[in-house]
Amino acid sequence: MTPESRTHRLAIVPGDGIGPEVTASALDVLNAAEATFGFTTERETFAAGAQHYRATGELFSSDIATRLRAHDAILFGSMGDPSVAPGVLERGFILAMRQEFRQAVNLRPVRLYPGVETPIAGLTPERCDLVIIRENTEGAYVGRGSTVHAGTPMAVAVQESVNTRAGIERVVDYAFRLASVRRKRLTLCHKTNILVEAGRLWQETVTDLAARYPDVETDYVHVDAMCFHLPIAPERFDVVVTDNLFGDIITDLGAVIQGGLGVAASANLNLDGSAPSMFEAIHGSAPDIAGQGIANPAGAILSLALCLAHLGEAQAACAIETAVVAALGATAGQRVGTRDLGRQIADALAHVGTPDLPLLQGGSVMTAMTLAARS
Ligand code: IPM
Ligand code: MG
């Protein structure tokens, strides 16, 4: 894709459980966004996930990787099913894709939208608008380690965490770029008092790169303290950068604070243009409610907005975010079906920016992502 091109090649991977349902809603919104904002997409849908694996044995094969690589971005539903052993699809597809496509950054906004209920008493939307930048290919997720004397009382398991300067630097640099177009505050979250070696490398990298971003203020919070501060004082944070495992954990906490997994979105960003980035809601496949048409599509629709922001369609991305917020506010406390909520958001898109639906204010992550992708 040339930067000016407004035709985006999208790979659609609906996956399992509620994945296909929330993806269908996101595509309703995408159709409306194209009609309103004048860009186009070429879409190809890919079979992947539990059913496909049972039928064919295929996970993230080189064939699927080659076909996905031809796209500008991947919209991903969710993956996982009780019929496949835990870990098989997670490691065999999701983690394999993040690695193979060098999706170095996992970006997860934590924004409490007006009208969305949060379990944190007294928390207001003005106080909760941050972005967690999680390193996405290294750390404890490299899958290295060994066990000796397995199954005996002398069993020893070693699980390695790999941290490279280059890997840390690319994610920290992106975090700085994002912070510099937001509220100019970057917090490193780690456990430098215990994980001394990895912690030193992370801290050194942040300190070195800070010289390039003199207008961004930096600070540091241990991951355990982060679990304490994040729910009660999210206003302390603008952009938080952290390693893969800490990021996995604190982004679930972030999702709770912003009103649950239903509204939490994420972007897996390739920063070097060698492969497509991937966009997915944070929720899983939720087999218990699959097929009933009741899953909340907001997380998938906001992930679509992140995708469009990354592809340079900031206006459409901000409008989708505004329309989601309006729909969530209007339907608060009601039971609305997956497809109906999607259609409501799609219908609202044409009115965003009018007096009826003023564009959501407040330093949207969408605009910042578009700027950070270009800088
Ligand atoms: C996430 C998920 C994944 C992870 C799983 C499904 C592999 O929890 O995206 O946060 O651990 O990264
Ligand atoms: Mg997780």
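**View 1. A salt bridge within helix H3 of the predicted model.** Arg 67 pairs with Asp 63 in a salt bridge. Their closest N and O atoms are 3.8 Å apart. The two residues sit four positions apart in helix H3 (residues 62-69), so about one helical turn separates them. Arg 67 is partly exposed, at 35% relative accessible area. Asp 63 is also partly exposed, at 42%.

**View 2. A salt bridge between two loops.** Asp 272 and Arg 102 meet through their side chains, with 2.7 Å from N to O. Asp 272 belongs to the loop between strands E11 (265-269) and E12 (277-281), and Arg 102 to the loop between H4 and strand E4 (105-111). The pair therefore ties together parts that are 170 residues apart in sequence. Asp 272 is partly exposed, with a relative accessible area of 42%. The value for Arg 102 is 42%, again partly exposed.

**View 3. A salt bridge between helices H5 and H6.** Asp 208 and Arg 165 form a salt bridge, with 3.0 Å between the closest N and O atoms. Asp 208 lies in helix H6 (residues 196-210) and Arg 165 in helix H5 (residues 165-180). Both belong to a network of salt bridges that also links Glu 169, Asp 173, Arg 177 and Arg 212.

**View 4. The surroundings of ligand 1.** Glu 90, Leu 95, Arg 98, Arg 108, Arg 134, Tyr 141 and Asp 248 surround the ligand. Five of these residues are charged and two nonpolar. Helix H4 (residues 88-100) gives the largest share, three residues. A polar side-chain atom of Arg 108 lies 2.8 Å from a ligand oxygen. For Arg 134, such a distance is 2.8 Å. The protein covers 74% of the 320 Å² of accessible area that ligand 1 has on its own.

Notes: Residues numbered from 1 in each chain as written. Chains lettered and ligands numbered in written order. Predicted model: local features only at pLDDT ≥ 70, side-chain atom pairs only at ≥ 80, totals over all residues. Heavy atoms only, no water. Near = heavy atom within 4 Å. Polar contact = N/O pair within 3.5 Å; in protein donor to acceptor, adjacent residues only side chain to side chain. Areas by Shrake-Rupley, 256 points an atom, 1.4 Å probe, with all protein chains shown as cover. Nonpolar A, V, L, I, M, F, W, Y, C, P; charged D, E, K, R; others polar. Salt bridge = Lys/Arg side-chain N within 4 Å of Asp/Glu carboxyl O. Buried < 20%, exposed > 50% of the residue type's maximum accessible area, 1.4 Å probe, protein only.
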